[in-house]
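Colleague: I would like to learn how to read a few features of a model like this one. Where should we begin?

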Amino acid sequence: MSHYIIRGGNRLVGALGIHGAKNAALPVLAAAAICGDSVIHNCPRLTDIGVAMKILRHLGCGARREGDTIVTTRGTGGDCRIPDGLMGAMRSSIVFLGGMVARHGCAELALPGGCELGARPIDLHLAALSRMGARITETGGRLVCSAPEGLRGARIDLSFPSVGATENTIIAAATARGETILTGAAREPEILDLIDFLQGCGAKILLELDGTIRINGVEQLHGTEHRVIPDRIAAGTYLCAAAITGGELLVKRVVPGHLASSLAVLSQAGCQVTAGSDWVRLAAPQRLSAFGTVKTMPYPGFPTDMQSVMMAAATVADGTTVFVENIFESRYRHVPELKKLGARIITEGRAAVVTGAERLTGAGLACTDLRGGAAVVLGALAAEGESTVTGLEHIDRGYDDLEGNLARLGADIIRIKE
């Protein structure tokens, strides 16, 4: 176990390159289970990525890292059962379900683990696979899916634009017999990155203007070379770190369009934001203004993964900001930790009302989940005095060298390894 010691009050200034997107790399690695040998660049060093590589190997594939590149091989054999320990280590492990059924004709796994964000039902995943011919039963807390005759194309209408269900359906349909027509799909940039990877492997996928995705299954997919898109949530986190400390930051190797909703909120708070083809520069005022009302929505709306770090910034803004969480019903677990610093936050159901405090004061803090952990760190950066932050296993799931990057920008933060 490790913890941070953070002495707040330093203004963050400088430039930072952004690593590849965790939420793009994971479904690409899941899809690699049904593809030929592939070379996947810009894969961040995260514990979730490490778990995904272990799952690939368990399924009979090869997976090795060379710097920020992961080389996968299709391999033969493997097991259609993922051990409980691997499933419990990563919430996103359910994204392997479609590829497992497509590869082995069966899948047996426990319900996924990861951050405790409340219910994250997988009924949409299962309904889609059922429409494609999979037989699904649940026994003793484990899911058993089988398709002894293979998957077949179908019309699938998602009642909610679930990112995971969209990814599972696309992966499963890529080698299913016939055409799959998917409506109500998620439109996140990470979905488009997955489609780009699969198309590079020979998949026949057409994205129509109204968001409908048509997939004509092919008998076999070959390998490809692919570069994962930049992590828009990591970029947004560092921009919020600059904003909460009154700093100036240039983030490089990003897609500014992917950050549009977050940049709009930071501009509302008084930050000067400029952007180029692959960079964003933010200059924060000495004290932020209130953000108004921030509602999380499916892309291109404000992302739920940015809610907690944006809330941290709002704790030192003049006036009152209202957050409405529309994606998860239990994503305010970071609030008690921010309140230890002196933040003034009231929650009621899906709403959180934040009234900016005159100052925050260092405290003993714990990371509650991945993005909530980042919010706690940001609060400590803005607080007077020293804070300790435990539970860094959450941080390591989604941020590659968070403490090193913040220190290079001027933060007084060290990691103590126990």
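Modeller: With burial: a residue counts as buried under 20% relative accessible area. Keep in mind that this is a predicted model.

Colleague: Why is helix α4 described as largely enclosed by the rest of the structure?

Modeller: Helix α4 spans residues 97-104, and six of its eight residues are buried, so the rest of the structure largely encloses it.

Colleague: Which residues of α4 are buried, and what do they pack against?

Modeller: The buried ones are L97, G98, G99, M100, V101 and R103. They pack against β6 (106-110), α5 (123-131), β8 (142-146) and α6 (163-173). Just after α4, G105 has a positive phi of about 80 degrees.

Colleague: How do I read the strands?

Modeller: In a regular strand, side chains alternate between the two faces of the sheet. For pairing, take β3 (residues 38-41): three bridges join it to β5 (residues 69-73), and these two strands run antiparallel. Three bridges also join β3 to β13 (residues 225-227), here in parallel.

Colleague: What are the bridge partners of I40 in β5 and in β13?

Modeller: In β5 the partner of I40 is I70, and in β13 it is H226.

Colleague: And pockets?

Modeller: Rolling a probe the size of a water molecule over the atoms shows where empty space is left. The second largest pocket holds about 300 Å³ of space. Its lining has 18 residues, of which I244, T245, Q286, V316 and A382 are the closest to the centre. Helices α8 (232-244) and α12 (370-382) each supply at least two lining residues.

Colleague: What is the make-up of that lining by class?

Modeller: Nine nonpolar, five polar and four charged residues.

Methods: Residues are numbered from 1 along each chain as its sequence is written. This is a predicted model: local features need pLDDT of at least 70, side-chain atom pairs count only at pLDDT 80 or more; totals for chains, interfaces and linings use all residues. Side-chain values use heavy atoms; hydrogens and water are left out. Buried means under 20% relative accessible area, exposed over 50%, partly exposed in between (1.4 Å probe, protein chains only). Helices (H or I, at least four residues) and strands (E, at least two) are DSSP runs, numbered from the N terminus. Contact means heavy atoms within 4.5 Å. Two strands pair if DSSP finds at least two bridges between them. On a 1 Å grid over the protein atoms alone, a cavity is a set of points where a 1.4 Å probe fits but cannot get out, and a pocket is an open set with protein on both sides within 12 Å along at least five of seven lines; lining residues have an atom within 4 Å of a point. Grid points are joined across faces, edges and corners, and a volume is the space filled by probe spheres set on the points. Ala, Val, Leu, Ile, Met, Phe, Trp, Tyr, Cys and Pro count as nonpolar, Asp, Glu, Lys and Arg as charged, and the others, Gly among them, as polar.
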